[in-house]
Amino acid sequence: MKDPVKRKIYPTVDEVIADVPDGATIMFGGFGGAGFPNNLIQALARKGTKNLTAISNNCGTGDGELGLLFKNKQVKHVIASFPGPRSNYFQDQFAAKEVTVELVAQGILCERMRARGAGICAFYSPVGAGTEIAAGREERVFQGKRCVLETALGADFAFIKAFKADEIGNLIYRKAARNFNPIMATAAHVTIVEADEVVPVGSLDPEIIITPSVFVDRIVQAKTLRT
Amino acid sequence: MSKPRLTREQIAQRAARELPDGASVNLGWGIPNLVSNYLPKEQIVYFHSENGILGMGPRAAGGEEDLDLVDAMKVPVTLLPGAAFFNQADAHVMTRGGHLDFCLMGGLQVSQKGDLANWKVPGAKGSGGIGGAMDIAAGAKHLIICMEHTTKDDEPKIVKRCSYPLTGLECVKTVVTDMAVIDVEAGGLVLREVAPGLTAEDVQAVTEPKLIILGSVPEMKL
């Protein structure tokens, strides 16, 4: 076995995503302009990977954040809670039926990923019961409430934005840039982290670790990029 | 000639009076987003943002913005003493799990049973989007809807059954409009207050279900 220290560290953002194949399903952290793995997104745009399924809260603003992947027509399907009216490249391709979308309530999007990360295959929730997003889905009544069956949601890759990573992948985040990142980090086969700083093992206080190293497969150092 | 109704700012001002000192509160898009402007200076309310903040303070001053400290609408904000950060799943543990004292959202329609429609206008262009609305509707401890009482064509938005796509069933507790404050009770919709200058009859005339009117209905204090 390789030295556990540094075996997760990659030298560049292009190398850390080099094996992402066409047709991959990828989770992208980020919300409200904070916590987006924009260096990894830009690397994916340079690589030109196609036919992606993207799991993210939204679909970017113009060509910012995930918008770049839509501008380049790299995405064929989206699982999102709020694609957003200003995600114009996505909206145009959705109107032209070039991209399909599954809308999921935001907290349920979180819980479906959390379930996958926790080894739970499915669960029932009252969210959306009686609405069009639950039409035709399996329902049961618990605690007197109509509940809808939800299935776990995983991905081939998760692209995560952290503030600091240590060399084995313990992560901390910064303020509201945490958002979806720690949840997605648990739910993908390969979790790839871009962090502002990569610090030696032992230099992060164990009491403040948000994502423990076991959830992280690859790390690249890259300064926060706002797009 | 119809009588004057409240402005959107006045709806927000009235809704703010529903929030006690020390409450934890989520404010949605639209009129609720104006509510924080109308809290008394000495009152502390812990505002919750679905991207993982409890204890948001006012908007950040020019030059002091931190782009990692933003609300759900991407606006740079500040923190109150006692604030906390958490992940998006825990943010919705708070909404859906009924841990916040109040959640306020805008509305397109509210039914006599408290069903809510607010996420999609039939026939609207684009993909639409749910965001946190369905989680909040499913689990909020006390959901207040802030909206105009009628559509632009003066059609009732408080209806027997919602015709717009539903957000949640039997979830609304209180509706604050430009004409009235209405509580959703087991027996139906109770008219609690009317806007200044309006009568209970004025409100009933543009409300589809029959309102429960207990004695004389007081005017709102703004």
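In chain B of this predicted model, three strands form an open sheet in the order 7-6-9, and the pairing in this sheet is mixed. Which strands stand at the edges? They are strand 7, residues 116-117, and strand 9, residues 158-159; each has a single partner strand, so one side of each is left without a neighbour in the sheet. Strand 6, residues 109-111, runs parallel to strand 9, and 2 bridges join these strands of chain B. One residue pair may serve to locate the pairing on the screen: B:Val110 has B:Ile158 in strand 9 as its bridge partner.

I turn now to the other sheet of chain B. This open sheet has 9 strands, again with mixed pairing, and the order is 4-3-2-1-5-8-10-11-12. At its edges stand strand 4, residues 77-85, and strand 12, residues 188-194; since each has a single partner strand, one side of each is left without a neighbour in the sheet. On average, and with direction ignored, neighbouring strands of this sheet are turned by 30° against each other.

Let us follow this sheet from strand 2 towards the edge at strand 4. Strand 2, residues 46-49, and strand 3, residues 53-59, run antiparallel and are joined by 3 bridges. Here B:Phe47 stands opposite B:Met56, and B:His48 stands opposite B:Leu54. In a regular strand, I would remind you, side chains alternate between the two faces of the sheet. The hairpin of strands 2 and 3 of chain B has 3 residues between the strands, and in this hairpin B:Gly52 takes a positive phi near 110°. Strand 3 of chain B is in turn joined to strand 4 by 4 bridges, and these two strands also run antiparallel. Within strand 4, the bridge partner of B:Ile53 is B:Phe85.

What lies across the strands in the other half of the order? Helix 1 of chain B, residues 8-16, lies across strands 5, 8, 10, 11 and 12 of chain B. With strand 10 of chain B, residues 172-176, this helix makes an angle of about 135°.

I come next to the interface. How many residues does each chain bring to the contact? Chain B contributes 37 residues and chain A contributes 42. About 3,100 Å² is buried between the two chains, and carbon and sulfur atoms give 59% of that area. Of the area that chain B buries against chain A, 20% comes from B:Asp68, B:Gln88 and B:Ser127, more than from any other three residues.

B:Asp68 also forms a salt bridge with A:Arg226, with the closest N and O atoms 3.1 Å apart. In total, 7 salt bridges are found across this interface, and 20 residue pairs are in polar contact across it. Helix 2, residues 88-96, and helix 3, residues 133-139, each supply at least two residues of the side of chain B that touches chain A. Helix 2 gives the most to that side, with 6 residues. By type, the residues of this side of chain B divide into 17 nonpolar, 12 polar and 8 charged.

Finally, the count of salt bridges over all chains is 25. One of them lies within chain A: A:Lys161 pairs with A:Asp196, their closest N and O atoms being 2.5 Å apart. Because A:Lys161 lies in strand 9 of chain A, residues 155-166, and A:Asp196 in strand 11, residues 188-199, the pair ties together parts that are 35 residues apart in sequence.

Methods:
Residues numbered from 1 in each chain as written. Chains lettered and ligands numbered in written order. Predicted model: local features only at pLDDT ≥ 70, side-chain atom pairs only at ≥ 80, totals over all residues. Heavy atoms only, no water. Contact = heavy atoms within 4.5 Å. Buried area = accessible area lost by both parts, 1.4 Å probe. Salt bridge = Lys/Arg side-chain N within 4 Å of Asp/Glu carboxyl O. Polar contact = N/O pair within 3.5 Å; in protein donor to acceptor, adjacent residues only side chain to side chain. Nonpolar A, V, L, I, M, F, W, Y, C, P; charged D, E, K, R; others polar. Pairing = 2+ DSSP bridges. Axes fitted to C-alpha atoms, helices over the stretch in contact; angles between N-to-C directions.
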